Every structure is written in C-alpha cells, then in structure tokens.
Amino acid sequence: MFQVNRKEWTCWLRLIGDTLISIGVYIKERPSVVITTGVLAMIPMCLIVKLFGGKLIYIESFAKINSPTETGKLLYRFADRFYVQWESMKKFYPKAECLRGIY
C-alpha cells in the first residue's frame, strides 16, 4: 500500500494505486473481516470487503479526543462495529462503542 497524505497532490493517484493493490489482495486472500484504525490507504480495502459482504471493524484513533478523523467520518456509515476510545467522541459517532484505551 502507498502512504496517502490527503494534502499532497498525489493523493488521488496513490488512492487509485491502493485500490488496485486492494483488489489484488482481496482476490488472493478473500478476507471476511477488516479491522482498521483509520489509515487513509485502507479505505479501498474496507469498501471492497463491504461490497462483497464482509465485515468492517473500525477503531478511531486514540489521539482523536475532540474531533473526528476524515477516514472515520467516511467509514462510520459502513462499519459493522465502530469503536472510539474517548467518551467525548460519541458526539460525532453516536452509535459507536467507547472502549477507552484499547491499544
């Protein structure tokens, strides 16, 4: 996977590359569950797995206390389980489960 920084001009090119890599990994491995902490490069794999009936477990970053991540805002609607580590994050993700510090 390519590291994706949404502020760089190469962001969309890297996401396209990550999508192609994700399709290859999905065809080879056939994962039924993806667990992610929100790295932008994982968005394609998360959406591919959901498209084919898999489960998505999302863990919002421990560093996020007062605002949601861009990846979290996007994947919240697709996640089968969505975990936050701070009670204050439930105002952004009302259906999330707060597990406190889990990593």
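Three salt bridges turn up in this predicted model. In one of them Lys-50 pairs with Asp-80, with the closest N and O atoms 2.9 Å apart. Lys-50 sits in helix H2 and Asp-80 in the loop between H3 and S3, so this pair ties together parts of the chain that are 30 residues apart in sequence. Both partners are in the middle range of exposure: Lys-50 has a relative accessibility of 23% and is therefore partly exposed, and Asp-80, at 35%, is partly exposed too.

Another of these pairs stays within a single helix. Glu-70 and Lys-73 form a salt bridge whose closest N and O atoms are 3.1 Å apart. Both residues belong to helix H3, where they are three residues apart, or about one turn of the helix. The geometry is a familiar one: an α-helix has 3.6 residues a turn, so residues three or four places apart point the same way. Glu-70 is partly exposed at 40% relative accessibility, and Lys-73 is partly exposed at 41%.

Then there is Arg-100, which forms a salt bridge with Glu-87, the closest N and O atoms being 3.8 Å apart. That pair links distant parts of the chain, 13 residues apart, with Arg-100 in the segment after S4 and Glu-87 in the loop between S3 and S4. Arg-100 is partly exposed, with a relative accessible area of 48%, and Glu-87 is partly exposed at 44%.

Next comes the sheet. Four strands make up an open sheet with parallel pairing, in the order S1-S2-S3-S4. Its edges are S1 (residues 33-36) and S4 (residues 97-98), each of which pairs on one side only. S1 and S2 run parallel and are joined by four bridges. Along this pairing, Val-34 has Leu-56 of S2 as its bridge partner, while Thr-36 stands opposite Tyr-58, also in S2. The two faces of S1 are not treated alike: Val-34 and Thr-36 make up the covered face, whereas Val-33 and Ile-35 are on the uncovered one. Behind this lies a simple rule, that in a regular strand the side chains alternate between the two faces of the sheet.

Val-34 and Leu-56 come up again in the interior. The largest nonpolar core has 22 residues, and the members with the most contacts inside it are Val-4, Val-34, Leu-56, Leu-75, Phe-82, Val-84 and Tyr-93. Two or more residues come from each of H1, helix H2 (43-51), strand S2 (55-59) and strand S3 (81-84). H2 gives the most to this core, with five residues. As a general matter, nonpolar side chains tend to be buried together in soluble globular proteins.

Phe-82 gives a feel for how the interior is put together. Leaving aside neighbours within four places in sequence, Phe-82 is in contact with Tyr-58, Glu-60, Gly-72, Tyr-76, Tyr-93, Ala-96 and Glu-97. One of these contacts, Tyr-93, is itself listed with Phe-82 among the core residues with the most contacts.

As for H2, its buried residues are Ile-43, Pro-44, Met-45, Cys-46, Ile-48 and Val-49. The cover over them includes H1, S1, S2 and helix H3 (70-75). Lys-50, the H2 partner of Asp-80, is instead partly exposed, at 23% relative accessibility. Just after H2, Gly-53 adopts a positive phi of about 90°.

A positive phi also shows up at Arg-30, where the value is near 50° in a residue other than glycine. Arg-30 lies in the loop between H1 and S1 and counts as exposed, with a relative accessibility of 51%.

That leaves the outer side of the model. Trp-9, Leu-13, Ile-16, Leu-20, Ile-23 and Ile-27 form a nonpolar patch on the surface, and together they have about 710 Å² of accessible area. Ile-23, one of the patch residues, is found in helix H1, which spans residues 11-29. With a relative accessible area of 38%, Ile-23 is partly exposed. H1 thus figures in two settings, because it holds Ile-23 of the surface patch and is also among the elements that give two or more residues to the largest nonpolar core.

Key
Residues numbered from 1 in each chain as written. Predicted model: local features only at pLDDT ≥ 70, side-chain atom pairs only at ≥ 80, totals over all residues. Heavy atoms only, no water. Patch = residues over 30% accessible without salt bridge, like charges linked within 9 Å, V, L, I, M, F, W, Y side chains within 5 Å. Areas by Shrake-Rupley, 256 points an atom, 1.4 Å probe, with all protein chains shown as cover. Salt bridge = Lys/Arg side-chain N within 4 Å of Asp/Glu carboxyl O. Buried < 20%, exposed > 50% of the residue type's maximum accessible area, 1.4 Å probe, protein only. Core = buried A, V, L, I, M, F, W, Y, C linked by side-chain atoms within 4.5 Å. Contact = heavy atoms within 4.5 Å. Pairing = 2+ DSSP bridges.
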